[in-house]
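Please study the sequence and the structure shown below before attempting the exercises. Each task is followed by a worked solution.

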Amino acid sequence: MLSDDDILAAVRRGLGAPGADDAAFPAAGAHITRHLLLAGEIVRCVETRTEGTAFHAGTRDLSDLPEYDDLDRYPVPPPADPGAARSTLRLVRRGSVAAHACSTCTNGRKPCARCRGAGDVACRTHVPCAGCEGRLCCLACEGTGKRAREAADRPQGETASRVRCRKCGADDAACGKCRGAGRKKCGVCGGTASRPCPDCAGGGTVSHDFCAGTGRYVEWTEGVVVREPVVDTVEESSDLPARAFAWTNEADAWNRVDHVGEDAFPPDGTDTGSGPGTRTDLTEATDLTQDTDLAEVAARLKPRLGFRDGEVARRVRVRYLSLARVTHDDHPDRVYVVIPGRPAPRVVTVRSPRRAWRLAALALLVLVAVVAVSRLLT
């Protein structure tokens, strides 16, 4: 954490004044507040366990699945990575496997519902003629065998030649395909009025869906353990606007907490130093009271660290950075934000709330003036 002298020296450098020139930005009149940026995630591995009856058509060897007596007490090791993708573990309750012969079929076959086991279905003996479709089959008798008083007119656009009608004998009057009959024998059954059942192909039986045609099935009690990650995103700026994260970059002295385990903040940890900031592994040993920033991180995360139903593992991975906000009586229109980093802290200058209000008031006055002038001109 930067001292007050380090913070003021950084602001002076940002103003282009020599670091030793206290008169450029005197300590008197300076107001320093510290703010913690905290970002990262808490990942929990949440487990659900359910039990129910499982079914398999046919035979199945279940020896490859683990067995259990009490699903709630069956031990499953916690995952090495709480953020791993969803996983499913299936188990078999000991002694619950039962193989059965199917009682509603015969060796996996059952009578065909369409033909009721007969193997064939009814069929039409004749079908309409494809040439005349039963209409105007004979222009003289219309398929009755008795000539009408007046012959029917030829169908408009007909180009096919007409033949002698086999029923009434009229020349050049009958359809060339059915010769006045208006219909032809069914091409499927040959006029027998019966055809093989399309569902069973004439066999009279079909495969039994329930047992998949095997004549057997297996039932057992199945336990299912499902684990999936639940992510809680953390992003807090401690009394600074949310855009404060945009003032920082990866080169700044971010400190990192990376911990996997049930206790996110045990009493010990160690600083292993990583990158421009430090990485703290809270499973090692260091006194948190010696790091006030880390203590604040722990306090901020505490409300989020309650255990959820089914939680079996967690990972806390966050980074934090302490910024200093500096205002000065001699610089009422500016706010200086000091960001720790190497080789030296950076300074971001933003408008003070006072200056922002003044600019807003000025813009409003200009708008009012423009409206007033436009009304006078009209």
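The exercises below concern the interior and the surface of a predicted model.

**Exercise 1.** Determine which residues have the most contacts inside the largest nonpolar core, and which elements give two or more residues to this core.

*Solution.*
Step 1. The largest nonpolar core has 15 residues. Those with the most contacts inside it are L37, W247, L321, L323, V337, I339 and V348.
Step 2. Two or more residues each are given to this core by β1 (30–57), β15 (311–328), β16 (331–339) and β17 (346–351). The largest share, three residues, comes from β16.
Step 3. Another core, of twelve residues, lies apart from this one; I42, V257, L301 and V318 are among its members.

**Exercise 2.** Identify the buried residues of helix α1 and state what covers them.

*Solution.*
Step 1. Helix α1 spans residues 4–14, and I7, L8, A9, A10, V11 and R12 are buried there.
Step 2. The cover of these buried residues includes β1, β15, β16 and β17.
Step 3. After α1 comes G16, which has a positive phi, near 85°.

**Exercise 3.** Decide whether L364 is buried or exposed, and describe the patch that includes this residue.

*Solution.*
Step 1. L364 is located in helix α3 (residues 353–377).
Step 2. The relative accessibility of L364 is 52%. A residue is exposed when this value is over 50%; therefore L364 counts as exposed.
Step 3. L364, together with L367, V368 and V371, forms a nonpolar patch on the surface. The accessible area of these residues together is about 360 Å².

Key: Residues are numbered from 1 along each chain as its sequence is written. This is a predicted model: local features need pLDDT of at least 70, side-chain atom pairs count only at pLDDT 80 or more; totals for chains, interfaces and linings use all residues. Side-chain values use heavy atoms; hydrogens and water are left out. A nonpolar core is a set of buried Ala, Val, Leu, Ile, Met, Phe, Trp, Tyr and Cys residues joined through side-chain atoms within 4.5 Å. Buried means under 20% relative accessible area, exposed over 50%, partly exposed in between (1.4 Å probe, protein chains only). Helices (H or I, at least four residues) and strands (E, at least two) are DSSP runs, numbered from the N terminus. Contact means heavy atoms within 4.5 Å. Patches are made of residues with over 30% relative accessible area and no salt bridge: like charges are joined within 9 Å, nonpolar side chains (Val, Leu, Ile, Met, Phe, Trp, Tyr) within 5 Å. Accessible areas come from the Shrake-Rupley method with a 1.4 Å probe; for residues, only the protein chains shown count as cover. A salt bridge is a side-chain nitrogen of Lys or Arg within 4 Å of a carboxyl oxygen of Asp or Glu.
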